[in-house]
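Good morning, colleagues. Please look at the structure on the screen while I take you through its main elements.

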Amino acid sequence: RRSRNNSGGGSQAIKEVLSAAGGEMKTSELHQVLTERGLDTSNLSQTLSYLKRQEHVVSPARAVYRLA
């Protein structure tokens, strides 16, 4: 059985992209950057929700994210 905290790879990549951006990013921009890196983005919204619940990212507006 996989642990509930198995989104580490995607979560880490999202945090790295947001950190490199130095500010806010739209979901569409995150999707583009992650796709360019060859990463699977099929669960992007779920991973962002997970990161919000864990208080790693905040969403100051709809479909906009930044590191907490």
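Let me begin with a term: helices, of at least four residues, and strands, of at least two, are DSSP runs, numbered from the N terminus. With that in place, Glu55 can be located in the loop between H3 and S2. I shall return to that residue.

First, a word on confidence. What you see is a predicted model. The average pLDDT over the chain is 88, and 88% of the residues reach at least 70. Residues 1-7 call for caution, as pLDDT stays under 50 there. For that stretch the model has three contacts beyond four places in sequence.

Let us turn to the sheet. Three strands form an open sheet in the order S1-S3-S2, and the pairing is antiparallel. S1 and S2 are the edge strands, each with a single partner, so each has one side without a neighbour in the sheet.

Consider the two pairings in turn. Strand S1, residues 25-26, is joined to strand S3, residues 64-67, by two bridges. Here Met25 stands opposite Tyr65 of S3. On the other side of the pairing scheme, strand S2, residues 57-61, pairs with S3 through three bridges, again in the antiparallel sense. Val57 has Leu67 in S3 as its bridge partner, and Val58 has Arg66.

S2 and S3 form a hairpin with two residues between the strands. Ala63 lies in that loop. Its phi is positive, at about 65 degrees, although Ala63 is not a glycine. How exposed is Ala63? Ala63 has a relative accessible area of 36%, which makes it partly exposed.

I now return to Glu55. This residue, too, has a positive phi of about 65 degrees without being a glycine. Glu55 is exposed, with a relative accessible area of 65%.

How do helix and sheet meet? H3 lies across S2 and S3, and it runs at about 105 degrees to S2.

Next, the interior. The largest nonpolar core has 13 residues, and those that touch the most other members are Ile14, Leu18, Leu30, Leu34, Leu44 and Leu48. Helix H1, residues 8-21, together with H2 and H3, are the elements that give two or more residues to this core. Which residues does Leu30 touch, not counting those up to four places away in sequence? They are Ile14, Val17, Leu18, Met25, Leu44 and Leu48. Met25 is thus a residue we have met already, as the one opposite Tyr65 in S3.

My last example is Thr41, in the loop between helix H2, residues 27-36, and helix H3, residues 44-53. Is Thr41 buried or exposed? The cut-off for buried is under 20% relative accessible area. Thr41 has 15% relative accessibility, and therefore counts as buried. The side chain of Thr41 makes a polar contact of 2.9 Å with the side chain of His31. Beyond its neighbours within four places in sequence, Thr41 is in contact with His31, Leu34 and Thr35. Of these, Leu34 was named a moment ago among the core residues that touch the most other members.

To close, I would ask you to keep two views in mind. One is the open sheet in the order S1-S3-S2; the other is the core to which H1, H2 and H3 each give two or more residues. Thank you for your attention.

Key
Residues are numbered from 1 along each chain as its sequence is written. This is a predicted model: local features need pLDDT of at least 70, side-chain atom pairs count only at pLDDT 80 or more; totals for chains, interfaces and linings use all residues. Side-chain values use heavy atoms; hydrogens and water are left out. Buried means under 20% relative accessible area, exposed over 50%, partly exposed in between (1.4 Å probe, protein chains only). A polar contact is a pair of N or O atoms within 3.5 Å; within protein, one must be able to donate a hydrogen and the other to accept it, and residues adjacent in sequence count only if both atoms are side-chain atoms. Contact means heavy atoms within 4.5 Å. A nonpolar core is a set of buried Ala, Val, Leu, Ile, Met, Phe, Trp, Tyr and Cys residues joined through side-chain atoms within 4.5 Å. Two strands pair if DSSP finds at least two bridges between them. pLDDT is the predictor's confidence in each residue, from 0 to 100. Axes are lines fitted to C-alpha atoms, for helices over the stretch in contact, and angles run from 0 to 180 degrees between N-to-C directions.
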